[in-house]
Amino acid sequence: MFIGQIHGLAGIAAMTLLVVSAVDSIRSGILYIGIFGAGTILGMLLFTFVVSLLFVFSGKMQRMDRILTGTASVISICYGIYYIYLMGYQEGLFI
């Protein structure tokens, strides 16, 4: 949980800088960041809840649990490779 909190704070830093440079008052900036943060927390909570339900119900069926775990792993690895390619080569990070 601690690592997730640090990750979240690091991810919101760039957005905070953009908001601070774009708003006219501190009050509206804080309001925007607060609403954005609450929306992000609720969205992640809802997504995690829905995905975890699949694993809770499949835990009773060992075969289904292995299939879901394997599928999630393959999708995560494929997305990671795609993202590395996209950022590294198409966006010029490695060039």
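Which residues lie nearest the centre of the largest pocket? In this predicted model, they are Gly-4, Gly-8, Thr-40, Ile-41 and Met-44. The full lining has 14 residues. The volume of this pocket is about 420 Å³. Two helices contribute to the lining, with at least two residues from each: H1, which covers 2–22, and H2, which covers 26–58. By residue class, the lining holds six nonpolar and eight polar residues. No charged residue takes part in it.

Helix H1 was examined next. It is built from 21 residues. From its first C-alpha to its last, H1 reaches 31 Å. The expected value, at 1.5 Å a residue, is 30 Å, and the helix comes close to it. H1 also has a kink of about 30 degrees. Ala-13 is at the centre of that kink. Burial was then assessed, with under 20% relative accessible area as the limit for a buried residue. Two of the 21 residues of H1 are buried, so the helix lies largely in the open.

Helix H2 supplies part of the pocket lining, as noted above. Gly-39 is also found in H2. Its relative accessible area is 42%, so Gly-39 is partly exposed, because that class runs between 20% and 50%. Gly-39 can be compared in position with Ile-3. The two are 36 residues apart in sequence. In space, their C-alpha atoms are 20 Å apart.

Aromatic rings were searched for across the whole structure, and five pairs were found. One of the pairs joins Tyr-32 and Phe-36. Their ring centres are 6.5 Å apart, and their planes differ by 15 degrees. This pair counts as stacked, because the angle between the planes is under 30 degrees. Both residues belong to helix H2, where they are four residues apart, so about one helical turn separates them. Tyr-32 is partly exposed, at 44% relative accessibility. Phe-36 is partly exposed as well, with a relative accessible area of 35%.

A stacked pair is also formed by Tyr-79 and Tyr-83. Here the distance is 6.0 Å centre to centre, and the angle between the planes is 25 degrees. Both tyrosines lie in helix H3, which spans residues 62–90. They are four residues apart, about one turn of the helix. Are these two side by side in exposure class, or in separate classes? Tyr-79 has a relative accessible area of 52% and is exposed, whereas Tyr-83, at 41%, is partly exposed. Ring pairs also bring in Tyr-82, linking Tyr-79, Tyr-82 and Tyr-83 into a cluster.Helix H3 has 29 residues. Its reach from first C-alpha to last is 41 Å, close to the 42 Å expected at 1.5 Å a residue. Ile-77 is found in this helix. At 53% relative accessibility, Ile-77 counts as exposed, because the limit for that class is over 50%. Ile-77 and Asp-65 are 12 residues apart in sequence. Their C-alpha atoms are 18 Å apart in space. After H3 comes Gly-92, which has a positive phi, near 85 degrees.

Technical notes:
Residues are numbered from 1 along each chain as its sequence is written. This is a predicted model: local features need pLDDT of at least 70, side-chain atom pairs count only at pLDDT 80 or more; totals for chains, interfaces and linings use all residues. Side-chain values use heavy atoms; hydrogens and water are left out. On a 1 Å grid over the protein atoms alone, a cavity is a set of points where a 1.4 Å probe fits but cannot get out, and a pocket is an open set with protein on both sides within 12 Å along at least five of seven lines; lining residues have an atom within 4 Å of a point. Grid points are joined across faces, edges and corners, and a volume is the space filled by probe spheres set on the points. Ala, Val, Leu, Ile, Met, Phe, Trp, Tyr, Cys and Pro count as nonpolar, Asp, Glu, Lys and Arg as charged, and the others, Gly among them, as polar. The expected span of a helix is 1.5 Å times one less than its number of residues. The bend at a residue is the angle between axes fitted to the seven residues ending there and the seven starting there. Buried means under 20% relative accessible area, exposed over 50%, partly exposed in between (1.4 Å probe, protein chains only). Rings of Phe, Tyr and Trp (its six-membered ring) pair if their centres lie within 6.5 Å; planes under 30 degrees apart count as stacked, over 60 as edge-to-face and the rest as tilted.
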